[in-house]
Amino acid sequence: MRKVILSMQMMMDGFSTGPNDEMDYLPPFTNEMMWNDLHQEMWKNLEAADTFILGRRTYQIWEKYWPAAANNP
């Protein structure tokens with residue numbers, strides 16, 4: 001049986017975005033060094049996953065990352 005694992009980033013006030021839907025607490029997707037340093041555990045979990053389910057807004061954020069990942073896995 002497969003496991004379902006929820007991984008969610010949330011600020012201390014309980015919200016996941018700012019008042020205008022900004023997520024400026026995340027490093028830019030183009031800064032690979034910062035992402036690797038700050039999110040090693042996240043990357044380990046993503047590499048082990050065979051299915052990745054996102055909400056609409058999170059998908060829209062990640063769709064900017066995928067073309068770069070395809071070119072430089």
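Where does Lys 64 lie? Select Lys 64 and you are in the loop between H3 and helix H4 (66-71), where helices (H or I, at least four residues) and strands (E, at least two) are DSSP runs, numbered from the N terminus.

Before going further, note that this is a predicted model, in which local features need pLDDT of at least 70 and side-chain atom pairs count only at pLDDT 80 or more, while totals for chains, interfaces and linings use all residues. Residues are numbered from 1 along each chain as its sequence is written, and side-chain values use heavy atoms, with hydrogens and water left out.

Staying on Lys 64, its relative accessibility is 65%, so Lys 64 counts as exposed; the classes are buried for under 20% relative accessible area, exposed for over 50%, and partly exposed in between (1.4 Å probe, protein chains only). Add Thr 30 to the selection: the C-alpha atoms of Lys 64 and Thr 30 are separated by 9.8 Å, although the two residues are 34 apart along the chain.

Now show the whole protein chain as a cartoon. The chain has four helices and zero strands, and its elements run α-α-α-α from the N terminus on. The C-alpha trace spans about 35 × 30 × 25 Å along its principal axes. Of the 73 residues in the protein chain, 12% are buried. Among contacts (heavy atoms within 4.5 Å) between residues at least 6 apart in sequence, 23% join residues at least 24 apart.

Next, select Trp 43, which has its place in helix H2. Trp 43 counts as buried because its relative accessibility is 18%. Leaving aside residues up to four places away in sequence, Trp 43 touches Trp 35, Asn 36, Trp 62 and Tyr 65, so display these side chains together.

Turn then to the charges. Which side chains meet Asp 50 in a salt bridge? The partner is Arg 2, with an N to O distance of 3.2 Å, and the structure holds one salt bridge, this term meaning a side-chain nitrogen of Lys or Arg within 4 Å of a carboxyl oxygen of Asp or Glu. Asp 50 lies in the loop between helix H2 (40-48) and helix H3 (56-62) and Arg 2 in the segment before H1, so the pair ties together parts that are 48 residues apart in sequence. Asp 50 counts as exposed at 60% relative accessibility, and Arg 2 is exposed as well, with a relative accessible area of 63%.

For another charged side chain, select Arg 57 in helix H3, which is partly exposed, with a relative accessible area of 45%. Arg 57 and Asp 21 are 36 residues apart in sequence, and their C-alpha atoms are 9.5 Å apart in space.

Finally, switch to a surface view. The accessible surface of the protein chain, from the Shrake-Rupley method with a 1.4 Å probe (for residues, only the protein chains shown count as cover), comes to about 6,700 Å², of which 56% belongs to carbon and sulfur atoms. Select Leu 6, Met 8 and Met 10, which form a nonpolar patch on the surface with about 370 Å² of accessible area together; patches are made of residues with over 30% relative accessible area and no salt bridge, like charges being joined within 9 Å and nonpolar side chains (Val, Leu, Ile, Met, Phe, Trp, Tyr) within 5 Å. Within this patch, Met 10 lies in the segment before helix H1 (32-38) and counts as partly exposed, at 47% relative accessibility.
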